[in-house]
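Here is a friendly walk through a two-chain model, meant to be read with the viewer open. Take a moment to turn the structure around before going on.

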Amino acid sequence: MRHLIMTTTAALALGAITASAEEVRVYNWSDYIDEALLEKFETETGLDLIYDVFDSNEVLETKMLAGGSGYDVVVPSGTFLQRQITAGAFQKLDMDKLPNHANMWDVVSSRTEQYDPDNAYSINYMWGTTGIGANVGKVKELLGEDAPLDSLELVLNPENMKKLGECGVHFLDAPAEMIPMVLKYIGEDPDSHDPEVIAKAEPIFMAIRPYIQKFHSSEYINGLANGDICVAVGWSGDILQARDRAAEADNGVEIVYHAAKEGAQMWFDQMAIPIDAPNPDGAHVFLNFIMDAQNMAAASNYVYYANGNKASQEYLVEDVIGDPAIYPDAATLDNLFTTTPYPAKVQRVVTRLWTKIKSGT
Amino acid sequence: MRRFALIALPYAWLLALFLVPFIIVLKISLSDIDLAIPPYTPTLDFSEGWAGIKAFFRGLDFENFVFLTTDDLYWKAYISSLKIALIATALTLLVGYPIAYGMANAPDHWRPTLMMLVILPFWTSFLIRVYSWMGILSTEGYLNQFLLGLGLISEPLTILNTPTAVYIGIVYTYLPFMILPIYSALERMDGSLLEAAEDLGCSRLKAFWLITVPLSKTGIIAGCFLVFIPTIGEFVIPSLLGGSQTLMIGKVLWEEFFNNRDWPVAGAVAVVLLLILIIPIVLFQRNEQKQRELEG
């Protein structure tokens, strides 16, 4: 026991010494980086890295709008970034401190300009699509060999969902992505801000909601990989991570990801520096580190998401750069759509509809 | 002077930990939503002095509270939370009473150990304990594997993400709050009362109903309130263990705050929740006070 106390005291004393080194606090999405990069950053720069994770844009936005989050780098998605820039939550990047900015890819940065004009406040970390992940074996067992794995029919047609319900279906708890998906399915403008158009998503969801086990934005990775659930509407790289975890576990689960052929949402996760960041210099060091071609490639190779870094492409493994589910070909790219942020009044309509869809009330 | 300090201390406590946070929430519930940091327009500006306060009261419209009445979501969520809290409290009592009874009747030298066992789970984070229930209850989880292995069921049971899982989580988490007050009431009971009843021809079961239960009433009431009050506003357990159909006010509040970024309406929901909670809290206080007077 005395030994334990002495070790603890020693550890505390050590902690007190290292805490005096300069810190950079990063708040990123869960399961979104190769952790070896975090250690590499500390060794290379001598800065202490505090790395926290979240799994919803809403949580991040609330922290940003409350102010004083204490983070130096945060990673909102495009539409959320745009709204937070309007609210004055971020500071402009100092390009002189970001020499690796030259590595960025114009195909992506021209698209992120719609959220952040001139990309003045943010750099692209990764981007991806929202689509359908399925346990091939179980789905074919329930729906037959010709199950529409690459179509929204799989998850939005009540006939299919009735059968899939028994083996578990998860949807993202992200109304700003789930409602556009349904609007696309019924042939409306997915980016519509008209409450009457948005309301048209309701009957589609009401018909399938009894068969949806849960709305959640991160549990489905483990769920799919373990075989606990058999279908998830989720983010591309997350589902591909589930695919790999299942393959590693060798548990007989085969997962496949498709961006729906009817059209799928494309989104961008952007790294930005809060206006009240305690260590903006350290934040720039971190951004520059991330924009290094090899570092960025290591991150993408690990999490199976495409990035906005052109120079990193030569270091990407074939599994990533050669997979059209990650780096879509030109035809698929044309079939992807983006959305813009909802104004407060429309947001309330969307949230209310979402609550109704989730709880039935 | 000492007397004054003795009274001042609890009131300072109340002021700092209850009244000040409440006033902050109340003030936000009376402001308007805005896209800024923080995301509401302060409608009470002290820097303007008296004019600011006057302007505040002129502009007072309680629109966020009126808004709560325009949508049936809110009262349905309040009612549903009350229902879940009531059922969960009854279940906790059913499980907790026999445990407390067993502890109180255990040999003296066992009691400290038993007490320790009840408190022991608190040494682990509440969040981790609720998380571990996900591993136990999931379709591929330990419980299903165990039951399948015994051959008791042929298909795995779906428990996780259902109201059943929420009740299991609440009963598990709040069980010590039920056991401890009942145990302390039962422990103080005079055993000779039961012997007297037996001598006079009363059956053991009847003696339990006529003597033990009434004498442990204060413990039962205290335990029920300690479980009921925090359960109404519970957020973590339903969001981790419950499915989409579990409607609770804690979740509605979360959505107002995080999804709508509407702090003023979230504030109004919280103020109403507090008003609903004050009723059982006041009842609880009065019960405690009455008890103290009885004991003289």
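## Two domains in chain A

In this predicted model, the domain assignment splits chain A into domain 1 (22-128 + 268-328) and domain 2 (129-266 + 339-359). Their C-alpha centres lie 26 Å apart. Where they meet, 14 residues of domain 1 of chain A are in contact with 17 residues of domain 2 of chain A.

Which elements give two or more residues to the domain 1 side of this contact in chain A? They are helix H4 (78-86) and strand E4 (122-135) of chain A, and H4(A) gives the most, with 3 residues. Sorted by class, that side of domain 1 has 6 nonpolar, 5 polar and 3 charged residues.

## Strand E4 and its partners

Strand E4 of chain A deserves a visit of its own. Of its 14 residues, 14 are buried, so E4(A) is largely enclosed by the rest of the structure.

Which strands pair with E4(A)? Strand E9 (residues 264-272) of chain A runs antiparallel to E4(A) over 8 bridges, and here A:Asn124 stands opposite A:Gln270. Strand E7 (residues 231-235) of chain A is also antiparallel to E4(A), with 5 bridges; in this pair A:Gly131 faces A:Gly234. With strand E8 (residues 255-258) of chain A, E4(A) shares 4 bridges, again in the antiparallel sense, and A:Gly133 is opposite A:Tyr257. Strand E10 (residues 306-307) of chain A adds an antiparallel pairing over 2 bridges, where A:Trp127 has A:Ala306 as its bridge partner.

## Nonpolar cores

In soluble globular proteins, nonpolar side chains tend to be buried together. The largest nonpolar core in this model has 105 residues, and A:Val73, A:Val155, A:Val182, A:Leu224, A:Val231 and A:Phe286 touch the most other members. Helix H9 (residues 175-185) of chain A gives the most to this core, with 7 residues. Domain 1 and domain 2 of chain A each supply at least three residues to this core.

To see the surroundings of one core member, pick A:Leu224. Leaving aside residues up to four places away in sequence, A:Leu224 touches A:Gly133, A:Asn135, A:Ile229, A:Ala232, A:Ile239, A:Ala242 and A:Ile255. A second, separate core has 49 residues, including B:Tyr78, B:Ile84, B:Ile168 and B:Phe228.

## Where the chains meet

How many residues does each chain bring to the contact between them? Chain A brings 29 residues and chain B brings 23 residues. On the chain A side, the elements giving two or more residues are helix H3 (57-66), H4, strand E6 (214-215) and helix H18 (344-359) of chain A. H18(A) has the largest share of that side, 7 residues.

The side of chain A that touches chain B has 8 nonpolar, 14 polar and 7 charged residues. H4 of chain A is worth a second look, as it appears both in the contact with chain B and in the contact between the domains.

## Backbone details worth a look

Most residues other than glycine have a negative phi, and most peptide bonds are trans. Three spots in this model are worth checking with that in mind. A:Asn119 has a positive phi of about 50° although it is not a glycine. A:Asn119 sits in the loop between helix H5 (106-112) and E4 of chain A, and it is buried, with 20 other C-beta atoms within 10 Å.

In chain B, the phi of B:Asn161 is positive too, near 70°. B:Asn161 belongs to the loop between helix H7 (142-150) and helix H8 (163-187) of chain B and counts as buried, with 27 C-beta neighbours inside 10 Å. A cis peptide bond joins B:Ile37 and B:Pro38, with omega about -10°. B:Pro38 lies in the loop between strand E1 (32-33) and strand E2 (40-41) of chain B.

## Confidence and an exposed loop

How confident is the prediction for chain A? Its mean pLDDT is 91, and 94% of its residues reach 70 or more. Residues 1-20 of chain A stay under 50, and the model has 1 contact beyond four places in sequence for them.

Is A:Gly322 buried or exposed? A:Gly322 is exposed, with 10 other C-beta atoms within 10 Å, and it lies in the loop between helix H16 (318-321) and helix H17 (330-334) of chain A. The C-alpha atoms of A:Gly322 and A:Pro210 are separated by 38 Å, and the two residues are 112 residues apart along the chain.

Terms used:
Residues numbered from 1 in each chain as written. Chains lettered and ligands numbered in written order. Predicted model: local features only at pLDDT ≥ 70, side-chain atom pairs only at ≥ 80, totals over all residues. Domains from an automatic or database assignment. Contact = placed C-beta atoms within 7 Å. Nonpolar A, V, L, I, M, F, W, Y, C, P; charged D, E, K, R; others polar. Core = buried A, V, L, I, M, F, W, Y, C linked by C-beta atoms within 7 Å. Buried ≥ 20, exposed ≤ 12 C-beta atoms within 10 Å, placed from the backbone. pLDDT = per-residue confidence, 0-100. Pairing = 2+ DSSP bridges.
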